[in-house]
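Me: I am new to this structure and would like to understand the reasons behind the words used to describe it. Could you take me through them with care?

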Protein chains: 4
Amino acid sequence: MATERPMQLGMVGLGRMGANLVRRLMRDGHRCVVYDVNPDVVKELEAEGATGATSLEAFVAKLDKPRTAWLMLPAAIVDATLDKLVPLLEPGDAVIDGGNSYYRDDIVRAKRLAGQQIHYLDCGTSGGVWGLERGYCLMIGGETDVVQRLDPIFKTIAPGAGTAEPTPSRTRTGGTAPDGYLHCGPNGAGHFVKMVHNGVEYGMMAAIAEGLSIIKHADVGKATQVVDAETTPLRDPEAYQYDIDVAEVAEVWRRGSVVSSWLVDLTADAYARSPELDEFTGRVSDSGEGRWTVLAAVDEGVPATIITTSLMERFESRRLGEYTDKVLSAMRSQFGGHAEKK
Amino acid sequence: MATERPMQLGMVGLGRMGANLVRRLMRDGHRCVVYDVNPDVVKELEAEGATGATSLEAFVAKLDKPRTAWLMLPAAIVDATLDKLVPLLEPGDAVIDGGNSYYRDDIVRAKRLAGQQIHYLDCGTSGGVWGLERGYCLMIGGETDVVQRLDPIFKTIAPGAGTAEPTPSRTRTGGTAPDGYLHCGPNGAGHFVKMVHNGVEYGMMAAIAEGLSIIKHADVGKATQVVDAETTPLRDPEAYQYDIDVAEVAEVWRRGSVVSSWLVDLTADAYARSPELDEFTGRVSDSGEGRWTVLAAVDEGVPATIITTSLMERFESRRLGEYTDKVLSAMRSQFGGHAEKK
Amino acid sequence: MATERPMQLGMVGLGRMGANLVRRLMRDGHRCVVYDVNPDVVKELEAEGATGATSLEAFVAKLDKPRTAWLMLPAAIVDATLDKLVPLLEPGDAVIDGGNSYYRDDIVRAKRLAGQQIHYLDCGTSGGVWGLERGYCLMIGGETDVVQRLDPIFKTIAPGAGTAEPTPSRTRTGGTAPDGYLHCGPNGAGHFVKMVHNGVEYGMMAAIAEGLSIIKHADVGKATQVVDAETTPLRDPEAYQYDIDVAEVAEVWRRGSVVSSWLVDLTADAYARSPELDEFTGRVSDSGEGRWTVLAAVDEGVPATIITTSLMERFESRRLGEYTDKVLSAMRSQFGGHAEKK
Amino acid sequence: MATERPMQLGMVGLGRMGANLVRRLMRDGHRCVVYDVNPDVVKELEAEGATGATSLEAFVAKLDKPRTAWLMLPAAIVDATLDKLVPLLEPGDAVIDGGNSYYRDDIVRAKRLAGQQIHYLDCGTSGGVWGLERGYCLMIGGETDVVQRLDPIFKTIAPGAGTAEPTPSRTRTGGTAPDGYLHCGPNGAGHFVKMVHNGVEYGMMAAIAEGLSIIKHADVGKATQVVDAETTPLRDPEAYQYDIDVAEVAEVWRRGSVVSSWLVDLTADAYARSPELDEFTGRVSDSGEGRWTVLAAVDEGVPATIITTSLMERFESRRLGEYTDKVLSAMRSQFGGHAEKK
């Protein structure tokens with residue numbers, strides 16, 4: 001099923017996300033001009049029907065006016081890329097940052113580009129490696145008329161209304177949220193909502209992971225109890241005698257349960273690949289949005305203990321609390337003569 | 001589509017959950033004998049095809065041997081009901097507790113009933129008011145042969161494999177988890193998994209609610225800043241100038257996003273009914289499973305900070321931390337002469 | 001006992017902290033020039049021996065060169081005051097910000113003043129309303145030679161080594177930390193350490209308050225248990241039958257216990273004034289340092305869950321989580337038909 | 001200075017705590033009969049003036065009637081010891097459990113011993129390895145007349161009023177709290193208050209340790225920033241350029257600061273012994289009271305997020321959250337193709 005209003009879009013950055021956005025757009029009838037510092041990935045997408053460019057100059061030259069350039073880049077190199085790209089653009093052109101920029105940078109950039117009458121949109125893009133098939137949830141910030149002009153692009157990228165049952169009580173007509181994309185507000189609003197989305201994601205992930213861990217350890221009553229002053233004896237070992245198949249728990253929660261969610265789906269799939277998750281060491285990265293969400297909560301004075309704590313748990317997973325723990329051990333040694341257990 | 005192996009089941013307790021379980025069973029071709037202390041609800045289900053009973057004695061008399069009685073009762077009255085029901089049963093009969101009992105009570109009850117050669121199953125049942133259509137996720141504990149004998153019952157109540165896409169990497173064949181029900185282990189294991197499920201639910205709910213709250217308050221920069229020694233000034237009010245439509249955010253997150261989940265679906269529906277959620281005061285109850293999950297985490301020595309904190313947040317919502325806060329204010333008054341802000 | 005090296009200091013801002021610093025300095029033989037926008041407090045300190053000034057110009061004129069001006073002002077008006085004060089100063093003069101500025105502002109200010117060869121010190125000052133008698137703990141940032149030049153001032157303000165037993169294992173000689181003041185590093189380091197000090201203070205306060213609250217509620221087993229689906233029944237009411245005198249608990253913890261601390265001392269005093277703490281409503285302010293400490297922990301990637309959570313608890317105490325809680329209630333209503341308890 | 005009313009006490013268990021209690025009692029003029037399974041420690045205390053016993057029978061025989069036997073034993077062996085000791089006692093005798101028993105065990109034991117007209121007191125004892133000189137803070141549960149009869153014992157063990165300044169606003173006369181010991185209520189109340197004391201201790205320790213860790217890492221801006229998709233770049237490295245001497249920070253906080261406390265004193269001493277705390281690995285044990293405090297908070301429905309989280313942090317320090325973290329890594333791998341950083 002092709003889009004009613006085919007458009008042309010330029011994509012800068014052909015990593016997994018950028019390349020799949022191009023594929024999804026072309027499948028729906030849009031035309032794409034593509035550029036990446038790596039010429040191999042440009043060729044790969046040319047082979048799939050895109051118009052390739054081997055320099056930003058060529059890229060800009062191949063775009064119809066007013067141009068639309070979507071950046072799908074690591075946050076750290078967006079500004080450097082804009083420094084090169086913007087001088088090549090003309091008034092009326094539009095740049096979309098579809099990556100994971102900090103929303104405050106969007107505010108600054110939009111103001112800067114506005115000085116040259118170039119439009120800037122920030123577009124938080126969720127969907128990960130599955131978006132090509134599943135569609136991407138888009139959270140957009142910027143000027144209303146520009147967002148509306150580019151509506152066919154967003155509509156194609158988004159999952160579409162058919163990918164979930166309609167919200168039963170919804171009476172509001174119009175609006176694009178049921179299609180999976182939303183103009184959230186002026187510049188920065190898109191990445192703000194995406195940032196918080198990731199904060200929520202941290203919290204939901206932590207809740208699921210903690211629960212599965214409690215189920216995994218429901219056998220602690222079987223272990224021989226160590227008897228020493230540094231170990232709390234388990235008072236009711238008979239209540240912890242279960243060997244529960246956590247992989248099957250994840251699978252059963254996928255249907256009918258209150259916690260059913262895409263994250264539980266993915267967890268079940270992870271267990272299907274690796275029942276003991278042996279290839280993971282448990283060092284969990286955090287990539288910015290979680291931290292920024294905490295900063296926003298603190299600035300707003302909104303208690304967000306779950307999201308905050310889930311970020312801190314990731315820090316703990318990477319042993320970043322080791323110094324804190326040493327201080328604790330040092331205190332215990334001081335007041336109680338407690339030696340650390342090895 | 002009717003079940004291949006119709007069975008007969010007795011249901012004690014015809015509240016919303018019990019009544020809907022009966023309806024779902026009858027739709028699929030099973031026969032149900034129903035009892036409740038309220039004769040009106042018995043009549044209502046008789047009108048829909050069930051066999052009614054107005055006393056436990058009559059209820060038991062109408063059940064084929066070996067009997068199967070499902071209790072769908074508040075946890076607080078399960079034991080009293082068993083005290084009346086069990087003397088009426090015979091060796092080989094089975095009782096299923098489908099409510100929200102503490103799993104440790106299951107262990108005790110199963111042992112007690114085993115003394116009379118009566119089987120006991122604990123069955124955690126998730127699905128809430130939507131289960132009639134959506135099916136219920138079942139987490140079952142008890143003897144394997146009894147669980148297998150009653151398989152047609154569980155299969156009918158559960159959502160069924162068709163209600164979600166298959167887990168892509170799943171190669172395991174057999175097993176009922178993909179149908180939405182799971183024999184988790186010996187007695188108590190079903191309610192243990194359901195208990196933790198609810199703990200996970202608390203954490204996921206809190207993550208979503210906190211995130212939406214941060215988005216809702218993205219306009220704090222618009223408020224006039226109070227200047228006094230008790231208020232932290234917002235350093236960057238220009239970064240908090242957004243009026244974001246949280247109802248539409250919930251809707252857009254339903255499709256393609258990493259946080260897409262039934263809870264987000266329900267949140268979107270709640271907003272569709274009441275965009276400002278005005279009818280809620282924010283006093284959030286907790287009904288046992290969350291507390292028990294925390295106790296289990298503590299006993300196991302498993303860090304479960306998110307789940308624990310989400311329980312504590314519910315306590316806070318009901319002002320149960322007021323005394324703590326008074327002590328804090330008293331200290332601040334002491335060391336800094338700080339007066340409370342009104 | 002008078003200082004060996006009397007100096008002259010100018011104090012801008014004669015609130016409780018500023019005035020008491022002046023008094024403590026004069027008692028020890030230092031001379032003070034004082035200024036405040038409120039002429040009454042200037043007069044009051046003149047009566048106690050200070051040299052008063054009714055304008056910043058007069059204030060500067062009365063200071064010996066190189067001048068030393070200590071600002072004891074709300075953080076929000078430091079910059080405006082510097083804008084007026086600095087043009088009146090000359091190369092070699094020094095300004096000390098003794099208030100609660102954000103350490104990042106110190107870095108900016110120090111750079112700005114350095115352009116005019118004026119020295120800037122940031123001095124975190126802890127001690128509250130008790131400092132006049134007890135002395136103030138000082139955490140200082142800035143150039144080493146300036147800090148050393150002003151040593152007699154800091155020595156007088158600080159509590160002095162005699163106010164606590166020597167640290168038994170301490171072998172390091174020299175250093176001012178045992179006297180209660182410390183040059184922590186270059187500009188900002190003083191307020192950085194003071195900021196974290198306050199974060200620690202939040203956490204310690206919360207721990208004490210929570211503990212006393214748990215003791216206060218050790219009588220919950222005496223309450224009649226509500227039986228409804230929204231209330232978790234207390235399984236062991238017989239274990240919660242205590243009426244413990246929390247005021248006396250605070251008093252007894254002052255001596256010999258591991259938690260003995262100035263905060264416990266103050267808590268005991270608060271109870272002595274008001275056994276039920278009735279005059280407090282439990283709305284606990286936060287005044288910046290706690291928030292900044294959280295931001296630093298997030299930037300550093302250091303897990304600081306206790307400090308962070310104690311900040312969030314203060315937000316909760318002021319009902320800032322109400323919207324979050326409404327969303328939770330809305331979800332519960334959706335999936336379970338749960339009505340809020342009134 | 002000797003006690004006015006010398007008494008005789010029997011001590012069972014001559015570990016560090018038990019032996020030092022005996023020494024403190026004898027110094028003040030009380031007579032002690034001592035027993036331990038290890039005859040060497042019995043001899044050691046005999047040499048210091050105690051009356052030794054090499055069996056429980058001999059121990060009981062040497063006690064004046066009504067006998068008073070203080071147990072200073074690991075919680076795990078209290079019941080076994082009571083099983084042997086109690087049959088040797090007579091109506092009117094008293095047993096004190098001075099160790100770290102769970103308060104619910106006290107309730108059971110007191111009832112059991114009451115059946116034989118033997119009195120039971122639970123006495124939470126804080127003071128650690130420093131109590132011999134500093135005195136022990138005592139939190140006592142049991143019958144009022146028995147507590148009063150043994151008052152000279154408690155008075156000697158406790159620190160005494162002189163060890164801290166009087167609480168300024170205190171007008172209440174009488175009461176033993178200012179001496180450092182308190183009859184908290186009926187059986188179990190003593191260990192209940194001691195249990196919560198330890199919970200508070202966990203929270204205070206965590207707050208201090210986290211704060212020092214944030215200060216220790218104030219140099220993160222100096223590290224070369226890794227640029228990859230899994231690492232959040234530090235936005236303001238110039239704000240984290242401090243090398244702060246945390247040992248001196250601990251020392252300076254001892255005097256005049258709001259966080260001044262025995263725990264800060266001990267921390268300063270730990271740094272004096274080992275500036276880098278190199279001999280600690282950071283695996284922090286928890287020994288029961290923290291867990292029980294959390295259980296009490298949950299039962300009471302009192303939010304105690306700080307205390308709870310500080311317990312969870314200890315679990316994290318011992319890597320007990322590793323499985324949780326593996327699940328998180330597995331999810332991230334699923335939705336984003338994120339590989340763990342090594």
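Reply: What follows takes up the terms one at a time, and it should be kept in mind throughout that this is a predicted model.

Me: What makes helix 13 of chain B roughly antiparallel to helix 13 of chain D?

Reply: Helix 13 of chain B and helix 13 of chain D, each spanning residues 305–317, pack at an angle of about 170 degrees, and their axes lie 10 Å apart. Angles over 145 degrees count as roughly antiparallel, and the value of about 170 degrees therefore makes helix 13 of chain B roughly antiparallel to helix 13 of chain D.

Me: Which residues make that contact, and how many of them are nonpolar, polar or charged?

Reply: On the side of chain B the contact is made by B:T305, B:T308, B:T309 and B:M312, and on the side of chain D by D:T305, D:T308, D:T309 and D:M312. Sorted by class, this contact of the two helices has two nonpolar residues, six polar ones and no charged ones.

Me: Why are strand 3 and strand 8 of chain B said to stand at the edges of their sheet?

Reply: The sheet of chain B is open and has eight strands in the order 3-2-1-4-5-6-7-8, with mixed pairing. Strand 3 (51–53) and strand 8 (181–185) each have a single partner strand, so one side of each is left without a neighbour in the sheet, and that is why they are placed at the edges. Between neighbouring strands of this sheet the turn is 25 degrees on average, direction ignored.

Me: How do you know that strand 6 and strand 7 of chain B count as a pair?

Reply: Two strands pair if there are at least two bridges between them, and strand 6 (residues 119–126) is joined to strand 7 (residues 137–141) of chain B by five bridges, the two strands running antiparallel; the requirement is therefore met. Within this pairing B:S126 stands opposite B:C137 of strand 7. Helix 9 (residues 189–216) of chain B packs on the sheet, where it touches strand 5 (94–97), strand 6, strand 7 and strand 8, and its direction makes about 15 degrees with that of strand 6.

Me: What does the sheet of chain C look like?

Reply: In chain C, eight strands form an open sheet in the order 3-2-1-4-5-6-7-8, and the pairing is mixed. Its edge strands are strand 3 (51–53) and strand 8 (181–185), each of which pairs on one side only. Strand 6 (residues 119–126) and strand 7 (residues 137–141) of chain C pair in the antiparallel sense over five bridges, and C:C123 stands opposite C:I140 in strand 7. Helix 5 (residues 103–114) of chain C packs on this sheet, touching strand 5 (94–97) and strand 6, with a direction that makes about 150 degrees with that of strand 6.

Me: Why are chain B and chain A described as related by a two-fold rotation axis?

Reply: Chain B can be laid on chain A by a turn of 180 degrees with a shift of 0.0 Å along the axis, and the RMSD is then 0.0 Å. The two copies are thus related as by a two-fold rotation axis. Of the residues of chain B, B:S261 comes closest to this rotation axis, its C-alpha lying at 1.9 Å.

Me: How do you know that chain B and chain C meet through the same surface?

Reply: Of the interface residues of chain B, 99% are also interface residues in chain C, so the copies meet through the same surface. The contact takes 70 residues from chain B and 69 residues from chain C, and together the chains bury about 6,300 Å², 59% of it on carbon and sulfur atoms. In chain B, the residues that lose the most area to chain C are B:Y323, B:Q334 and B:F335, together 13% of what that side buries.

Me: What is noted about the peptide bond from B:K65 to B:P66, and about phi of B:Q117?

Reply: Most residues other than glycine have a negative phi, and most peptide bonds are trans. The bond from B:K65 to B:P66 is cis, with omega near -10 degrees, and B:P66 lies in the loop between helix 3 (56–61) and strand 4 (68–71) of chain B. Phi of B:Q117 is near 55 degrees, a positive value in a residue other than glycine, and B:Q117 is found in the loop between helix 5 (103–114) and strand 6 of chain B.

Technical notes: Residues numbered from 1 in each chain as written. Chains lettered and ligands numbered in written order. Predicted model: local features only at pLDDT ≥ 70, side-chain atom pairs only at ≥ 80, totals over all residues. Heavy atoms only, no water. Axes fitted to C-alpha atoms, helices over the stretch in contact; angles between N-to-C directions. Helix = DSSP H or I, 4+ residues; strand = E, 2+ residues; numbered from the N terminus. Parallel < 35°, antiparallel > 145°, perpendicular 65-115°, else oblique. Contact = heavy atoms within 4.5 Å. Nonpolar A, V, L, I, M, F, W, Y, C, P; charged D, E, K, R; others polar. Least-squares fit on C-alpha atoms with pLDDT ≥ 70 in both. Buried area = accessible area lost by both parts, 1.4 Å probe.
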